[in-house]
Each structure stands twice: as structure tokens, then as C-alpha cells.
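Visitor: Could you take me on a close look at one part of this protein, the largest pocket, and then show me what lies around it?

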Amino acid sequence: PEKEKVTHERARAVSYEDVGGLKRELGRIREIVELPLRYPEVFERLGIDAPKGVLLYGPPGCGKTLIARAVAHETAAAFFTITGPEIMHKFYGESEAHLRQIFDEAQRRAPAIIFVDEIDAIAPRRENVQGEVEKRVVAQLLSLMDGLAQRRHVIVLAATNIPNVLDPALRRPGRFDREIAISIPDRTARKEILAIHSRGMPLAEDVDLDHLAAVTHGFVGADLQALCREAAMLCLRRLIPHIDFASAEIPYDELIQVQVTMAD
Ligand code: ATP
């Protein structure tokens, strides 16, 4: 099969302002990631190695990917994404080569962040791993991390929902030696997240984000985002129950004035 080119992106413009709640977590990540990316000379002066890997763990939809993108964007680092299942399946037979390519390219474009989503699919505890291929992929990842040259400033952020199944070798010093829990938002965080996702919306005056935050116990960031989107769509549908794009009857004046209401 044709080799796929390694691509990186300037991370989609997500900033720290787009992350609701998680202030403490973001603070820690910035300390660990942003400092060495932006001020590598400080670490050289102190004679200590900058951290190479940070493991973000917690339930789906709470903002792990969002944070990784925000840090990359805010530090103007090149951003590379690897997804565990993709490496194992889409690149099956070339998984190690693909990993090497990404690490090479990241070093060339340093400062860079490599984001490994669903790392548990690549690196489960080795005793649970079935085949030889899987073992080699884990070994390759470990050796690539060990080989990251200190002065090139590449940091690997990895995300998992299930940290306990990870190969313990990944969590040794010099690898993913920092772990940060990204957990389900509490009421205050939910309000911040609702505010973020409705900030571009023409909210009706009676929309009470405080109340909404109070009644959405158990909602994660992705749920709250969906809630805002659905509320907006509902209002649109209420206004025009059957949109008939063929007719010229679309009530444009009303549409353009639409306000978003949110009932329980
Ligand atoms: P997964 O384990 O499924 O990859 P994740 O923790 O990486 O989940 P994200 O992909 O970051 O979750 O979240 C999905 C979407 O939900 C984000 O793009 C964002 O719009 C919204 N979201 C999640 N958490 C937050 C948050 N703390 N603040 C604002 N938006 C959030």
C-alpha cells in the first residue's frame, strides 16, 4: 500500500478560554508542557531534563483532546495526532514505521506536541498483549520516547479512559511520568462549559445557565456541547416545523431573529 504522508497541523484554533472548568489541571499541564516548549533554556540552565510525556486520563468527553489542542495552539507548537486503534489497525504491518515517521517529523518541526489518543489500544500491559506485533509496537513507542533528544523539545501527551490497563513500562521516569486526571465537571465547571458553548448564540433573556448547570449532574463537556447545539436546533424547528427549502416561504425575518431558549 502507498505510504501515507505524515502530516501535522497547526492545531485548530482552540485556546485556553475554550476549556471550561479544569483550571487546576490546565495549570499543571501548562507548567509541565508549556514551560519547556517556550523556555527550553531554563531547563538547560538548571541542568535538568524537561518532561517528555504526560498522561491524561479520565472518562470520555471531558476535554482531554481539547486540552491537548489548546496547549499546542497556545504554544504555537506543531501538533501531531496518533490514535491507538488507528495505529494498530489502519497501519497494521507498518505500525512501527508509522510511529517512527511521526516522531521523526515532530523532531524536525520542533517545538512539537505528539498527541496519542486512546493509548491503551497501543500499549496494554504486555502480559495481556496477544501477538508479537503488539509487543513490538509497545517496544517501539518506548524506544522512541527514550530517544527524544532533549534539546529538540517534543512532548508527548497521551490520553486514555483506562489508565490501569497500561503497560507499566510506559509510566517509568523519562516516559509518561506525569499523570493528570481529567474528570467529570462539577456544577461550577458545567456552568463555564455551558457558557463557552452558548457564547455565540442569541440566548433568550430567561435562559439561566446557573439553573441548567444545577440540573445537568453527570453531563460531561461533550454532553453539554450537544445540549447547546440541540437547544438551538429545537428553536429553529419550532419556528419552522417543516422547512420547505423549495418554497420561497421561509420566514427569513423571523429566522434571523431567532433566540435560543432552554427549558428543562
Ligand atoms: P475521548 O476520550 O472521547 O477522546 P476527550 O476527553 O478527549 O474524550 P474531547 O474530545 O476533548 O474529550 O471532548 C469532546 C468535545 O466536548 C470537545 O471538542 C468540546 O467541544 C467539548 N468539551 C469537552 N470537555 C470540555 C470542557 N472542559 N470545556 C469545554 N468543552 C468541552
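Guide: Happy to. By class, the lining of the largest pocket is made up of ten nonpolar, nine polar and six charged residues. Please keep in mind that this is a predicted model. The pocket has a volume of about 510 Å³. Its lining counts 25 residues, and those closest to the centre are Gly61, Cys62, Gly63, Thr65 and Leu66.

Now for the elements that build the wall. At least two lining residues come from each of H3, strand S5 (154-160), helix H7 (187-198) and helix H9 (221-239). The biggest share belongs to H3, which gives four residues to the lining.

Since H3 gives the most to this pocket, let us follow that helix to one of its contacts. Helix H3 (residues 64-75) packs with helix H1 (residues 23-38) at an angle of about 35 degrees, and their axes are 11 Å apart. The two helices cross in a right-handed sense. On the H1 side, the contact is made by Leu26, Ile29, Val33, Glu34, Leu37 and Arg38, and on the H3 side by Ile67, Val71, Glu74 and Thr75. Sorted by class, the residues of this contact are six nonpolar, one polar and three charged.

Just before H1 there is a backbone detail to look at. Leu22 sits in the loop between strand S1 (9-10) and H1. Leu22 is not a glycine, yet its phi is positive, at about 55 degrees. As a general rule, most residues other than glycine have a negative phi, and most peptide bonds are trans. The second half of that rule has its own exception here: the peptide bond joining Ala110 and Pro111 is cis, with omega about 0 degrees. You can find Pro111 in the loop between H5 and strand S4 (112-117).

Helix H5 also brings us to the charged pairs. The structure has eleven salt bridges, and one of them links Glu96 with Arg136, where the closest N and O atoms are 3.2 Å apart. Glu96 belongs to helix H5 (residues 95-108) and Arg136 to helix H6 (residues 132-147), so this pair ties together parts that lie 40 residues apart in sequence.

If you go back to the pocket with the model open, start from Gly61, Cys62, Gly63, Thr65 and Leu66, the lining residues closest to its centre. From there, trace H3, which supplies four lining residues, and then turn to the contact where Ile67 and Val71 are among the H3 residues that meet H1.

Methods. Residues numbered from 1 in each chain as written. Predicted model: local features only at pLDDT ≥ 70, side-chain atom pairs only at ≥ 80, totals over all residues. Heavy atoms only, no water. Axes fitted to C-alpha atoms, helices over the stretch in contact; angles between N-to-C directions. Left-handed = near helix turned anticlockwise from the far one by under 90°. Contact = heavy atoms within 4.5 Å. Nonpolar A, V, L, I, M, F, W, Y, C, P; charged D, E, K, R; others polar. 1 Å grid on protein atoms, 1.4 Å probe; cavity = no way out; pocket = protein on both sides within 12 Å on 5 of 7 lines; lining within 4 Å. Points joined across faces, edges and corners; volume = space filled by probe spheres on them. Salt bridge = Lys/Arg side-chain N within 4 Å of Asp/Glu carboxyl O.
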